[in-house]
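Visitor: I am new to this structure. Please take one part of it, look at that part closely, and then show me what surrounds it.

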Amino acid sequence: WTSELVHEYVKCSRDPLYFIEHYVKIVNVDRGLIPFETWAFQEEMIKGFHINRFSIAKMPRQVGKTTTVVGYMLWYILFDEGKLIAILANKAKTSREILDRIKYAYEKVPLWMQQGVSAWNKGDIELENGSVVFTAATTAAGAAEAARDAYRGPIATNDAKRGLIAAQKAHPFLYGLGNLVSLVPTMSRPTQFFKEAENSLIKRSLNAASGGMRMSGIEAGEE
């Protein structure tokens, strides 16, 4: 280790946006493997995840929201010890695909920044620093698994309605929950969804735990 590498490591550990923009690689259909050049709304997402304990991103499809969350989750497990991330989706296959993207991004990080790997499986990974990422479907069993370990780190879901239900099952643990990140794709009645979320038990639980829920992102159809 040189003093420059130590300085860079510390800088990355303190600033997820800096880490993502300088060390996370993504695949572009035309240009191949490229650095992750974030848009303004993606920077807002990252800052929102980092500052707020609970986030909802109401956004269109195919704008890079999952890629943004993948970058943040990679930062989270690389620079925190003993953390756990639960990736929930309506199908287990979908959540495993998101995990595969985390794995790919991890492999492209410089060796001096990587943690050792304790487990590297189809549905979960564990790093030498004790941080774990596991996948599950937003079923009763998946929600129960997420609830059991929710106190250790974020729940990330691309299925907002089921994700909120999963978090509701985990609400006894919310005082210790690291983050709830829910991605909302284009839907026919987003306003009604948010109205229902605000009036639900999970909304009241989140208020009790953290003083409020962060609802961030862009409206469906915005550019």
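Guide: A residue counts as buried when its relative accessible area is under 20%. The part to look at with that cut-off is strand 4, in what is a predicted model. All six of the six residues of strand 4 are buried, so the strand is largely enclosed by the rest of the structure.

The two sides of the strand can be taken in turn. In a regular strand the side chains alternate between the two faces of the sheet. On one side of strand 4 are Leu84, Ala86 and Leu88, and on the other are Ile85, Ile87 and Ala89. Both of these faces are covered, since every one of the six is buried.

Next comes a pairing partner. Strand 4, which covers residues 84–89, pairs with strand 7 in the parallel sense, and six bridges are found between the two. Two positions show how they line up. Ala86 stands opposite Phe134 in strand 7, and Ala89 stands opposite Ala137 in strand 7.

Is strand 7 itself buried or exposed? Six of the six residues of strand 7, residues 132–137, are buried, so this strand too is largely enclosed by the rest of the structure. Val132, Phe134 and Ala136 point one way from strand 7, while Val133, Thr135 and Ala137 point the other way, and each of them is buried.

Strand 7 also pairs with strand 6. Strand 6 (residues 124–127) runs antiparallel to strand 7, and three bridges join them. Phe134, already met opposite Ala86 of strand 4, also has Asp124 standing opposite it. Strand 6 and strand 7 form a hairpin with four residues between the strands, and there Gly130 takes a positive phi near 90°.

Moving back along the chain from strand 4, there is helix 4, residues 65–78. The helix has 14 residues and reaches 20 Å from its first C-alpha to its last, close to the 20 Å expected at 1.5 Å a residue. Helix 4 is mostly covered, with 14 of its 14 residues buried.

Two residues from other helices touch parts of helix 4. One is Ile20, in helix 2 (residues 16–23). Ile20 is buried, with a relative accessible area of 0%. Setting aside neighbours within four places in sequence, Ile20 is in contact with Phe36, Thr38, Ile46, Gly71 and Tyr72. The C-alpha atoms of Ile20 and Gly71 are separated by 5.8 Å, although the two residues are 51 residues apart along the chain. The other is Gln42, in helix 3 (residues 40–51). With a relative accessible area of 3%, Gln42 is buried. Not counting residues up to four places away in sequence, Gln42 touches Phe36, Glu37, Val63, Gly64 and Thr68.

Helix 4 also takes part in a pocket. Rolling a probe the size of a water molecule over the atoms shows where empty space is left. The second largest pocket holds about 150 Å³ of space. Strand 1 (25–28), helix 4 and helix 5 (92–108) each supply at least two residues of the lining of this pocket. Among the lining residues are Lys25, Ile26 and Val27, together with Thr67 and Val70, and also Arg101, Tyr104 and Ala105.

Strand 1 has a partner of its own. Strand 1 and strand 2 (residues 32–35) run antiparallel and are joined by four bridges. The two form a hairpin with three residues between them. The bridge partner of Lys25 in strand 2 is Pro35.

Val24 belongs to the lining of the second largest pocket as well. The C-alpha atom of Val24 is separated by 9.8 Å from that of Pro110, and the two residues are 86 residues apart along the chain. Pro110 lies in the loop between helix 5 and strand 5 (117–120). Unlike the strand this answer began with, in which all six residues are buried, Pro110 is partly exposed, with a relative accessible area of 22%.

Last, the chain as a whole. It contains nine helices and 10 strands. Of its 223 residues, 49% count as buried. Among contacts with a separation of 6 or more, residues 24 or more positions apart account for 67%. The accessible surface of the chain comes to about 11,000 Å², and 50% of that belongs to carbon and sulfur atoms.

Note on methods:
Residues are numbered from 1 along each chain as its sequence is written. This is a predicted model: local features need pLDDT of at least 70, side-chain atom pairs count only at pLDDT 80 or more; totals for chains, interfaces and linings use all residues. Side-chain values use heavy atoms; hydrogens and water are left out. Buried means under 20% relative accessible area, exposed over 50%, partly exposed in between (1.4 Å probe, protein chains only). Two strands pair if DSSP finds at least two bridges between them. The expected span of a helix is 1.5 Å times one less than its number of residues. Contact means heavy atoms within 4.5 Å. Accessible areas come from the Shrake-Rupley method with a 1.4 Å probe; for residues, only the protein chains shown count as cover. On a 1 Å grid over the protein atoms alone, a cavity is a set of points where a 1.4 Å probe fits but cannot get out, and a pocket is an open set with protein on both sides within 12 Å along at least five of seven lines; lining residues have an atom within 4 Å of a point. Grid points are joined across faces, edges and corners, and a volume is the space filled by probe spheres set on the points.
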